[in-house]
Amino acid sequence: MVRTPAEHVAAIRQGYSFDGVSIHLGAALVDGQVHPEAAVRLPLSMMNRHGLISGATGTGKTITLQVVAEQLSAHGVPVFLADIKGDLTGLSTPSAGSTKLAERTASVGQDWKPSAYPVEYFSLGGDGAGVPVRARISDFGPLLLSRVMELNETQESSLQLVFYYADKNDLELYNLADLRAVIQFLVSDDGKEALENLGGLSKATAGVILRELVSLEAQGMDTFFGENEFDTAELLRTAGDGRGIVSCLELSSLQQRPLLFSTFMMWLIADLFAELPEVGDAEQPKLVFFLDEAHLLFRDASKAFLQSIASTVRLIRSKGVGIFFVTQTPRDVPADVLGQLANRVQHALRAFTPEDAKALKSTVSTFPVSDYDLEEVLTSAGIGEAVVTVMNEKGAPTPVAWTRLCSPGSTMGPSPAATVQAIVDGSSLLPVYGPMVDSRSAFEKLTGAPVPASTTADGSPPQSTTPPTPADMDAEARRIEETILGRPSTRPAGPTPPAPDSQAPAPAPLPDEAPPRQSRPGKTPSSRTESPQQGSANNDDLKDFALQTASALGRELMRGLFGTRRRRRR
C-alpha cells in the first residue's frame, strides 16, 4: 500500500519517538520537503549496537561524526575518533555561526548554540600534535604485528613461536630492538639448541622477519613501539563538568603508514575488550569508538584477522563499547561484521561507473523496505543529508528516513594550530606518556648493552648524531639476510623487496620453561605468572598449548582474540 506524504511523515515520527535519552540526528525529508516535527533520533542505549557511517567523498561523513561525538560528550559518554584530515580539531573551538547556518538549524528543529568540547589529542609515537601513544611489542602481540609487517601465514606462525619463547624465558619485548635481538639470538650459534627445541622456525623465515623489522624501523615505527605504554583506560574519562572527553588521534602521516593506523585501532579495541567488565544492556555506553577509513582495516587481511575482528565486534557491546565504522560504501566491510551494525547513516553515493552502480544496488539491498526509491535518493541526496535507520529501544529497526542532518556547535574545520598545541601542552597525560623510556629488556639481556637514557624532558625522542638513511637500512637488511642464510642476499635494491617464500619445518617440542617473568614497571603481576614448581608440573600441557598457538586454529588461546597480552589496570 502506497502511503500519502502525511502518512509517511507520521510513520517516521512515530518510529523515532523514544522514551529514553537519544542523539538528535536531524529531520526527515519526504517528497523533497524537510519536516522538523519528524525528528530522526538514535537512542543512547543503542549506541553499543554499533553502526556504519558511509558515503562518497565530500558528502558530509566527517560532519556527521562530529555532530554525534558532540552530543555523546554532552551526555557524559567518552568518545574516541581518528582525525584523518585535521578537521576534527574544530571540536575545541566554538562555531562562529552565520545566517545560513541559523536557517539550516532552524529548518531541522535543532536547538543550536556554539560550543567547544573537552578534547584530548593523541599521536602515534609522537608523530604530530598530541600526547604520544605507544605500545609494547609484547602487548601488541604477534597477530597484530604480523598484520603491520604484512607476513604470510607461515611467517605469522613462526612469529607466534618467537613470542612464546620470549614469554617463557623472561625476555621482555618492549620495542623493535628487543624482538630483533631475540630472533638474532635464536639463529646464532649460541641459540642453535633453543631454536631446534622450539621448532617451527627456519632460518629463512627468521631472515624474512628480521628484514621486515628493519623496514619498520626505516619507516620510523620504532617511535611507536616502546614505553611508556598507553593505558586504554585513559579513553574512558570524563571532564570535571561531567561531559565525556573526546579522545582525538591525529594522523598526519596516515598515507605513509596505513596498516599501522588500522591495526593500532584494533589493538585499542582488543585491549578494551580484554580489560573491561561485562555491563550488559546499560542506559548509555562507556565509550563510543569511531573507526575512520575502515577499508584499511579489512584490505588484504588474513582469515584469522577477520575472524578476530568479527568476534570482537560481536562481543564487545556487552562491555558497554559501541563501534562505528566510517567508510565509503558498506561493501568495504565484511558481511560478518556488517551484519552486526544496527545503526546506519548512509550519505550519498555516486554511480559514475558500472562498479559504482553495483555498489549502489548492493547498498540499497541492505536497507529495510521503505516508501523511498532509495536508488534515486542515494544518488540525489545533498551534502549533509543521509538515509538513516537505527535500532529502537525494543531492538527493532526504525523506518528508513531520508534525513537532513543537524549541524555541529563547534567549528566545522580545523582549530588554530596554537589552540591545539596549547591543549596538548596543558594535558595531564603529557608528563606520563611524553618521555620515551627504555627499560632493561630482551635487547640488553641478550647483548649485554647498557640501558640507554630516556627521551628529552619535552618528551621528544633523542636525536642520533648520524641518523640512518633508508639506504643504510636496506643495506643492514641485506647484511642480516646474508649472515643468517650464509649466501648472497636475494633482496633487490629498493625499499620494498618481495619476501622470499619459505616453509617452516614441522613443530618440535618446546624447551623447558624459564623462571616466571617479573612484574613490569607500573603494572601489577600478570595472572599468567606461574611458580617454577607449577611450570614444571604443567610442562607437557604447556608444550601442547604452545604448538596450538603456532597454528591458525590456536592463535587466540594464548594471547586473546588478536594475540594481545592481557594487562591489569593500574
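At what angle do helix α6 and helix α7 pack, and how far apart are their axes? In this predicted model, α6 (residues 153–168) meets α7 (residues 176–186) at about 95°, and the two axes sit 11 Å apart. That angle makes the pair roughly perpendicular. On the α6 side, the contact is built from Leu159, Val162, Phe163 and Tyr165, while α7 brings in Leu179, Val182, Ile183, Phe185 and Leu186. Sorted by class, that gives nine nonpolar residues, with no polar and no charged ones in the α6–α7 contact.

Now for the sheet. Its 12 strands form an open arrangement with mixed pairing, and reading across gives β2-β1-β12-β11-β10-β3-β9-β8-β4-β7-β5-β6. The edges belong to β2 (33–43) and β6 (131–133); each has a single partner strand, so one side of each goes without a neighbour in the sheet. On average, and ignoring direction, neighbouring strands are turned by 30° against each other.

At the β2 end, β1 (residues 22–30) runs antiparallel to β2, and eight bridges hold the two together. One residue pair to look for here is Ile23 with its bridge partner Leu42 in β2. Helix α1 (residues 5–15) lies across this part of the sheet, over β1, β2 and β12 (401–405), and runs at about 25° to β2.

Further in, β9 (residues 321–327) is mostly covered, with seven of its seven residues buried. Val321, Ile323, Phe325 and Thr327 point one way from the strand, whereas Gly322, Phe324 and Val326 point the other way. Burial applies to both of these sets. On one flank, β3 (residues 51–54) runs parallel to β9 through four bridges. Ile53 is matched with Val326 of β9, and Ser54 has Thr327 as its bridge partner in that strand. On the other flank, β8 (residues 287–291) also runs parallel to β9, this time through five bridges. Within that pairing, Val288 has Gly322 of β9 as its partner.

Strand β3 shows a similar picture of burial. Gly51 and Ile53 point one way from β3, Leu52 and Ser54 point the other way, and all are buried. Besides β9, β3 pairs with β10 (residues 343–346), in the parallel sense and over four bridges. In that pairing, Leu52 stands opposite Arg344 of β10.

Back among the helices, α5 (residues 142–149) is mostly covered as well: eight of its eight residues are buried. The buried set runs through Pro142, Leu143, Leu144, Leu145, Ser146, Arg147, Val148 and Met149, so a charged side chain, that of Arg147, is listed alongside the nonpolar ones. Just past the end of α5, Glu150 takes a positive phi of about 60°.

A last check concerned the cysteines. With sulfur atoms required to lie within 2.5 Å of each other, the count of disulfides comes to zero. Cys248 is buried, because its relative accessible area is 0% and the cut-off is under 20%. Cys406, at 5% relative accessibility, counts as buried too.

Technical notes: Residues numbered from 1 in each chain as written. Predicted model: local features only at pLDDT ≥ 70, side-chain atom pairs only at ≥ 80, totals over all residues. Heavy atoms only, no water. Axes fitted to C-alpha atoms, helices over the stretch in contact; angles between N-to-C directions. Parallel < 35°, antiparallel > 145°, perpendicular 65-115°, else oblique. Contact = heavy atoms within 4.5 Å. Pairing = 2+ DSSP bridges. Buried < 20%, exposed > 50% of the residue type's maximum accessible area, 1.4 Å probe, protein only.
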